[in-house]
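Q: Could you take me on a close look at one part of this model, the first helix and what packs around it? I would enjoy a connected walk through the contacts, the charged pairs and the loops.

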Amino acid sequence: MVTSQVEIASVIERFIQKQFRIVDTVPALRSTHLFESGFVDSAGVVELIAFVESTFKVRLGDDQVFSEDFTTIDGISTIVAGMTSGPH
């Protein structure tokens, strides 16, 4: 299972590019605000949450989903990496 922040970001980035039809030439996609840029809409957020939870076997709480970190690929991958590392 992918567990490093960089690996997690790669998986999320590929999903977002495919699911939301974003060309891979978008510069700095990992740090781009996904919602303000229009890449992910409100229905897309639900898809993104479901993907993250099922792929990485985590349960996202409101505090994570509504955090500023959940607005970028890098931020989402940081959240997930924190949830999947260390003892549980």
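A: Here is a walk that starts with the helix packing, moves to single residues and ends in the loops.

Please keep in mind throughout that this is a predicted model.

Let's begin with how the helices meet. Two packed helices are described by the angle between their axes and the distance between the axes. For α1 and α2, the axes come within 11 Å and cross at roughly 140°. That value makes α1 oblique to α2, since only angles over 145 degrees count as roughly antiparallel. The crossing of these two helices is right-handed. On the α1 side, the contact is built from I8, V11, I12, F15, I16 and Q19, and α2 contributes E47, L48, F51, V52, T55 and F56. Sorted by class, the residues where α1 and α2 touch are nine nonpolar, two polar and one charged.

Now turn to the other partner, α4. Here the axes of α1 and α4 are 8 Å apart, and the packing angle is about 130°. The pair α1 and α4 is therefore oblique as well. Where α1 passes α4, the crossing is right-handed. From α1, the residues involved are Q5, I8, A9, I12, E13 and I16, and they meet I73, D74, I76, S77, T78, V80, A81 and T84 of α4. This contact of α1 with α4 has eight nonpolar, four polar and two charged residues.

I12 is a good residue to zoom in on. It appears in the α1 contact with α2 and in the α1 contact with α4. I12 counts as buried because its relative accessibility is 0%, under the 20% limit. Leaving aside neighbours within four places in sequence, I12 is in contact with L48, F51, V52, F56, I73, I76 and S77. Of these partners, L48, F51, V52 and F56 are among the α2 residues that meet α1, while I73, I76 and S77 are among the α4 residues that do so.

One position along from there in your view of α1, E13 deserves a look for its charge. Side chains of opposite charge can pair when their charged atoms come close. E13 and R30 do this through a salt bridge, with 3.0 Å from N to O. The pair links distant parts of the chain, with E13 in helix α1 and R30 in the loop between α1 (5-19) and α2 (42-56), 17 residues apart. Is each partner buried or exposed? E13 is buried, with a relative accessible area of 16%, whereas R30 is partly exposed at 22%. R30 can also be placed relative to I12: these two are 18 residues apart in sequence, and their C-alpha atoms are 9.2 Å apart in space.

The count for the model comes to two salt bridges. Besides the one just described, E53 forms a salt bridge with R59, the closest N and O atoms lying 2.8 Å apart. E53 counts as buried at 15% relative accessibility, and R59 counts as exposed at 65%.

At α4, T84 is worth a stop. T84 sits in helix α4 and is buried, with a relative accessible area of 19%; the limit for that label is under 20%. Not counting residues up to four places away in sequence, T84 touches T3, I8, F56 and V58. I8 and F56 also take part in the contact between α1 and α2.

Finally, the loops. T71 lies in the loop between α3 (62-65) and α4 (73-84), and T71 is buried at a relative accessible area of 9%. Its contacts, again without residues up to four places away in sequence, are T32, H33, L34 and F35.

In the loop between α1 and α2 you will find S37, which is partly exposed with a relative accessible area of 35%. R21 belongs to that loop too. The C-alpha atoms of S37 and R21 are separated by 14 Å, with the two residues 16 apart along the chain. R21 is exposed, at 74% relative accessible area, and its phi is near 50°, a positive value in a residue other than glycine. K57, in the loop between α2 and α3, has a positive phi of about 55° although it is not a glycine. K57 is exposed, with a relative accessible area of 68%.

Terms used: Residues are numbered from 1 along each chain as its sequence is written. This is a predicted model: local features need pLDDT of at least 70, side-chain atom pairs count only at pLDDT 80 or more; totals for chains, interfaces and linings use all residues. Side-chain values use heavy atoms; hydrogens and water are left out. A salt bridge is a side-chain nitrogen of Lys or Arg within 4 Å of a carboxyl oxygen of Asp or Glu. Helices (H or I, at least four residues) and strands (E, at least two) are DSSP runs, numbered from the N terminus. Buried means under 20% relative accessible area, exposed over 50%, partly exposed in between (1.4 Å probe, protein chains only). Contact means heavy atoms within 4.5 Å. Axes are lines fitted to C-alpha atoms, for helices over the stretch in contact, and angles run from 0 to 180 degrees between N-to-C directions. Angles under 35 degrees count as roughly parallel, over 145 as roughly antiparallel, 65 to 115 as roughly perpendicular and the rest as oblique. A crossing is left-handed if the near helix is turned anticlockwise from the far one by less than a right angle, and right-handed if clockwise. Ala, Val, Leu, Ile, Met, Phe, Trp, Tyr, Cys and Pro count as nonpolar, Asp, Glu, Lys and Arg as charged, and the others, Gly among them, as polar.
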